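Trainee: I should like to discuss the core and one of the pockets of this protein. May we take them in turn?

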Amino acid sequence: MDLKELFRAYFGCDSTATYRAPARINLIGEHLDYNGGLVLPAAISLYISATISVRNDSKIKVYSLNTKTGFEIDLKEIRKDSKYAWANYVFGVFSILLDEGYKIPNGLNILIDSEIPLGSGLSSSAALLDLIVYLTSETFSLDISLEKIAKLAQRVENDYLGLKSGIMDEAAIALGKKNHCLLLNCQEYEYEQIPLDLGDYTFVVLKTNVPRSLVSSKYNERVEECQKGLELIRKKMNVNNLCEISVLELERFKDLISDEIIYQRVKHVISERHRVHLFVEALKKKEIVSLGKILNESHLSLKDDYEVSGPYLDAIQIAAIHAGAIGARMTGAGFGGCAIALIKKDSFTKFREEVLNEYSNLTELHADVLEVDIVDGPTKCLLH
Ligand code: GLA
């Protein structure tokens, strides 16, 4: 059955449109968004879609083809139902939109179908949030800009779902542009879309197939550790966030941070900030080999200083380098999930085979290596 037939089978009426939003990878600038830094993500060709129809009442009825679960809620009495984590993402959007004063005149039927692996660090949740804001705006002519869509989606994550995440994922998806990456200043919320012109090289996604564990608690812990580091540095220096501090300044203020763990976290942030600048420079000059080196350095910093990598991401990173990648690193929050590797386009088949072999030797798990395109953000599908 195609989506329209499945929709009819579940909701008992015809659908009127399908919208989709992509996943994202982050090339460099990890765990910098909530530290006021620059990040460099890109939207990739793995999609979540929503097929919809407008209802005559004020109910939001959703069904997921992936989890095979469905729920409904009345716009007049939105509550958080902890039993159904994914549905809270949908309901959270409506709660925040109403709270921001947007008028939603009718309910919706929404059929969700996703090819973005859940909990894999490719931002399946930000894609879902952006998608629901986008389709609601389009359906009821709310005229919400792409920049604002990302902000609203982030509010859902922060205020409704309780994850202290930064703006990167939602912005990377909402502002995705074909063959471009997004240089996003997370402090000012300004951005530049930079052509991702890698010549004979390409980025591939390496999936560890280890679901991210403890992600929200460990993530929030890192956010708090960075805040502690910032408070200590502020005793000597007037700064708004950690990314305003240079590598040299950190050396000068080393004594202020006696807690070794806090120092390591701050060190990662400040060194990663420097790597973003080097990476963007190298990208603009098309110095591809330098890009690879910076990716590897970033991985080491995330592994040793920020401690968000773990044995599976480390194993796949090493396997990628052994298989000929000129650079590789974990992407996203970490604690399991995915890595990215920069490889020669024509080496894909051999690269994939070697990574799968070495990864399964090291971990006894099967990995996936995915070829992806860099794509536009949310769209209404023309074929419905
Ligand atoms: C997750 C968060 C982002 C960002 C990354 C790490 O994906 O949602 O806001 O902090 O981790 O860079």
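Mentor: Let us begin with a definition: contact means heavy atoms within 4.5 Å. The model is a predicted one.

Trainee: Leaving aside neighbours within four places in sequence, with which residues is Val-90 in contact?

Mentor: Val-90 is among the residues with the most contacts inside the largest nonpolar core. With sequence neighbours within four places set aside, its contacts are Ile-60, Val-62, Ile-110, Leu-128 and Ile-132.

Trainee: Which helix gives the most to the largest nonpolar core?

Mentor: That core has 134 residues, and Phe-203 and Phe-351 are also among those with the most contacts inside it. The helix that gives the most, with 10 residues spanning part of 260–284, is α8.

Trainee: From which domains does this core draw at least three residues each?

Mentor: In soluble globular proteins, nonpolar side chains tend to be buried together. Here the core takes at least three residues from each of domain 1 (3–196) and domain 2 (201–371).

Trainee: Which helix supplies the largest share of the lining of the second largest pocket?

Mentor: Two helices, α4 (146–160) and α6 (215–233), each supply at least two lining residues. The largest share, 4 residues, comes from α6.

Trainee: How many residues of this lining are nonpolar, polar and charged?

Mentor: The pocket holds about 310 Å³ of space. Its lining comprises 20 residues, with Asp-33, Tyr-34, Asn-35, Gly-36 and Gly-166 nearest the centre. By class, the lining has 7 nonpolar, 10 polar and 3 charged residues.

Key:
Residues are numbered from 1 along each chain as its sequence is written. This is a predicted model: local features need pLDDT of at least 70, side-chain atom pairs count only at pLDDT 80 or more; totals for chains, interfaces and linings use all residues. Side-chain values use heavy atoms; hydrogens and water are left out. On a 1 Å grid over the protein atoms alone, a cavity is a set of points where a 1.4 Å probe fits but cannot get out, and a pocket is an open set with protein on both sides within 12 Å along at least five of seven lines; lining residues have an atom within 4 Å of a point. Grid points are joined across faces, edges and corners, and a volume is the space filled by probe spheres set on the points. Ala, Val, Leu, Ile, Met, Phe, Trp, Tyr, Cys and Pro count as nonpolar, Asp, Glu, Lys and Arg as charged, and the others, Gly among them, as polar. A nonpolar core is a set of buried Ala, Val, Leu, Ile, Met, Phe, Trp, Tyr and Cys residues joined through side-chain atoms within 4.5 Å. Buried means under 20% relative accessible area, exposed over 50%, partly exposed in between (1.4 Å probe, protein chains only). Domain bounds come from an automatic or database domain assignment.
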